[in-house]
Structures are given as structure tokens and as C-alpha cells.
Amino acid sequence: MRLPTLEWARRWGSYGSDNAGRLVVADDGTWIMAGGYQFEIDFDGKKLTGTSALQGNMGTFIAGFGPDGKLRWATDFHGKANENITDMALGPDGTVIFAGAFREMNAGCGKIRSVEFDDILVGALSTLGRCEWTRGFGSKGNDWGQAIAVDDAGNVTVFGTFQSGTNFGGGPMDAGESAGVFAASFTPGGKYRWARSLGNRSPIFAQDATVDAAGNVYVTLRFEGTVDFGDGPKTSRGGGDVALLALSSDGRLSWSTSFGGPFLDVVNGLVVDPRSGDLLLVGSFARFIDIGTNHLESAGGGEGFIARFDKMGKPLWAQRLGSSEHDSLGSVALDALGNIYAIGQFRGSFTFGESTLRSAGEYDALAVSMNPDGSPRWAVSFGGPGYEDANGLAVEPSGRILVAGTFASKASFGTTNLESAGAHDIFVIAMRP
């Protein structure tokens, strides 16, 4: 077994709590990170201090970096409260497309305000971080953008939660008496294409989304009770099951399937394999979970899992990744050969193939790699005496792996030791397989 080699590790943060979210990488090695900061944050001399941060709320940013990890640009969202970026993707021309929630913010295209409470945020930044367009959609209740996918033509599909009255451009939508889940599509310039409701069983949430080369869009949802997406009712087994849906490029349901166990089951990462059209999912479960004929049992607390489905929604294989304590997987990516990469966190010991890892403190960040059939390649961890987690993952065309996350106090990343300036700081590492 050959472990990856650390190229560099960097940190950013201030005297508050700062966190990294989604991470995407362009063909030229430029990478973009979304995240949040408290009070202020300094990116290589570029200091952000948002209105939201001055009031004690988290500020929101998207920042672009070169292959060497040095800042190229940073865009602050200058919100007053509750703005956040939940998902991000790159358009075919390198445009940064993002989705989230806001009440009042300005990313550089002018101030937008929500109807009343939280509204859905969708927007785009240029390759230099300049605002190209931002749009807000909502009702008198709370509405959130939760997942986003961008096809090869640059068309944007957003998933999230909405209340009755939300209008994406085709007229007000009806969520019934409870919140519903929506799919809404826009042109590369942000103009309305179509929108539809995917269900109004509460609670129901979008988790992650991806798109294939033909423009088919896939999304994972968490739901409770019974829900019908248009091809027959599905009933959860416990505190929250997972539904996987496929939509055509014009928003029509192609198929749906669901799986779960007796407790809360979550999918945090979804990606399509361009070579086969298969779907890879990572997430967490408790006690046990049934994914098709695959029965996975937890060794202790929460457990991570990874599953592979074919393009028609049939489970091909699934396996758990965990130990006797608590583990979870937060994102998944593929390289050009179809090798699988996943990140997350663990506590205690973690055995994966020939590797046995032990956390240095409360929780450590985790990165693993698998062959296309799910067999182990390697596993590495990063951490210190505090709390560490890995949230953002991207694999460059060259095979280099980028991981972003959060750490507290002091933490070791290979031979590099980092120390936080406040409660929690952001880390990003680059590894060569």
C-alpha cells in the first residue's frame, strides 16, 4: 500500500470560528472554496469583514486560489444575517455557480432582500470572482437552496425546500400545508427554464445533486413518512430514509428509489462516474441500513457508508466504513481512472484495508481511497487534541487531491503542524497519490 504524499497544508482564520464548505477545481488547477467566518478573516492580506460578522453572525465567502494554494480573489457576500452557501459547482467556462440561503446580501451585483425570512439564493461568479448574477426566491416562510448541479451547456438545476407561494419564474408553486422540495432550472445567465415540486411530505430535504453528460440530473433527498415522487409511494423505515431520484434535462422524473434503516440516514456526497454512468454515494447511518440486498451493520455509534448504483438506480454494492465509535463521510470524488476518494471524520480507531488509524483527540479528519469496485487503496487522517472535520473534496485532472476542512487548537497534517488563531480555523491540504 502506498500512501499519498502531502504537497502543502495551509490555514486561514481569525479569533472567531471559521469553516470551509464546498471545494471545486478547474482544469488548470485553480480551485475555489466556499465557507464562513466569524468577525473577520485574512486571506494572504485580503481581509474580509462583513456586516453579518460585525453583528456576531457568520460572514460568507467564496475564494479562488492558484495550484500553489495562494489566493487569487475573494468575494464577500456582505449579508446581515443567515446567508450561507450550501453547494457550489463549476460551469463549462469556469463560472462559479452557487446556491444557499439569505435574508439580505450583496455579492457585487447589487443588494437583494428576502420576502420575509430565509429565501433561496442562486448566483454566479466569473473566473475572477466578479459577480455575474444573483437571484433570490422565496415566500413568507423559510425557503432554502440546498444542492446544485450544472450540465455541460451551463444550465443550472437547484434543489431545496420551499413554502407555498415561491415563484421561480413560472408562477407561484404550492407546497400544501408543509414545506416541499423543489427542482428549478435556469440558463447559464440565470433565466428561468422550468421548476417543479418533488414532494411535500415534511420533513423532506435535498442533500446533494449531480449531472451526467446527457444532462440527466440526480438528487438525493432525506424524507420521513410516506412520499410519492410520481412513480408510486415510498415509506421510510425510521427517523429519515434516503431517496435517490433521476430527472431528465427538462425536469421529468425518470425513476426514483429509496433505502434506509431504523434511525437517521444521511447522504452527504453524490457523484456520477462519466465512464459508466454509475452513481457513487457517501453518508452515514446508525445501527443498520439496507441498500438493496446489502445489509450494513454499525460497529458502534454512527457509521460511514459508500454505495454504488447503476444509472437506472439499481444498487451494485455497498459497504460500511467505520469503527466502534462515531464516523461519517462528507464528500466523494473520482479520478480519471475511476478510483474513488471520500472524506469525513472519525473518533477512536478506524480500520480500512491494511490501515488502522487512531484519532489524536476528540475527532480527526479522514481521507480514504478505493478502487472502482470498492476495495481499499489507502486511508490517512489529520488532527490534534481538538475537533477536526473534512468538508470539501476535489480531485484535479492530474490526480492531485485537495481536501478542505476545519480544525481547532493544534493539528498535524503529515509533517506540517498548524495552529489555529481562534476557536476553529480553515485548513486546505494538497496530496499526490
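Start by selecting the lining of the second largest pocket in this predicted model: by class, that lining has 18 polar, 12 nonpolar and 4 charged residues. Altogether 34 residues line this pocket, and the space inside comes to about 770 Å³. To centre your view, pick Gly 21, Arg 22, Ile 85, Thr 86 and Asn 391, the lining residues that lie nearest the middle of the pocket. Then colour strand S2, residues 19–25, which gives the most to the lining, with 4 residues.

Keep Arg 22 on screen and add Gln 207, since the next stop links the two. Gln 207 sits in strand S18, residues 204–211. Is Gln 207 buried or exposed? Its relative accessibility is 12%, and under 20% counts as buried, so Gln 207 is buried. Setting aside neighbours within four places in sequence, Gln 207 is in contact with Arg 22, and also with Gln 146, Ala 147, Thr 220, Leu 221, Arg 222, Val 242, Asp 265, Val 266 and Val 267. Zoom in on Val 267: its backbone nitrogen is 3.4 Å from a polar atom of the Gln 207 side chain. For a sense of scale, draw a C-alpha to C-alpha distance from Gln 207 to Gly 16; you should read 28 Å, for two residues 191 apart in sequence.

Next, go to Glu 303 in strand S26. Which side chains does the side chain of Glu 303 meet in polar contacts? One is Arg 320, at 2.2 Å, and another is Ser 298, at 3.3 Å. Glu 303 is buried, with a relative accessible area of 0%. Show its wider surroundings too: beyond four places in sequence, the contacts of Glu 303 include Gly 283, Ser 284, Phe 285, Leu 321, Gly 322, Ser 323 and Asp 327.

Stay on strand S26, residues 294–309, and select Phe 305, together with Phe 259 from strand S23, residues 253–259. The ring centres are 6.2 Å apart and the planes stand at 90 degrees, so this pair is edge-to-face. Because the two residues lie in these two strands, the pair ties together parts that are 46 residues apart in sequence. Both partners are buried: Phe 259 has a relative accessible area of 4%, and Phe 305 is at 0%.

For a last stop, turn on the aromatic rings throughout. How many aromatic pairs does a search of the whole structure find? There are 26. Among the rings to highlight are Trp 8, Trp 12, Trp 31, Phe 43, Phe 61 and Phe 65, which ring pairs link into a cluster.

Conventions
Residues numbered from 1 in each chain as written. Predicted model: local features only at pLDDT ≥ 70, side-chain atom pairs only at ≥ 80, totals over all residues. Heavy atoms only, no water. Phe/Tyr/Trp six-rings, centres within 6.5 Å; stacked < 30°, edge-to-face > 60°. Buried < 20%, exposed > 50% of the residue type's maximum accessible area, 1.4 Å probe, protein only. Contact = heavy atoms within 4.5 Å. Polar contact = N/O pair within 3.5 Å; in protein donor to acceptor, adjacent residues only side chain to side chain. 1 Å grid on protein atoms, 1.4 Å probe; cavity = no way out; pocket = protein on both sides within 12 Å on 5 of 7 lines; lining within 4 Å. Points joined across faces, edges and corners; volume = space filled by probe spheres on them. Nonpolar A, V, L, I, M, F, W, Y, C, P; charged D, E, K, R; others polar.
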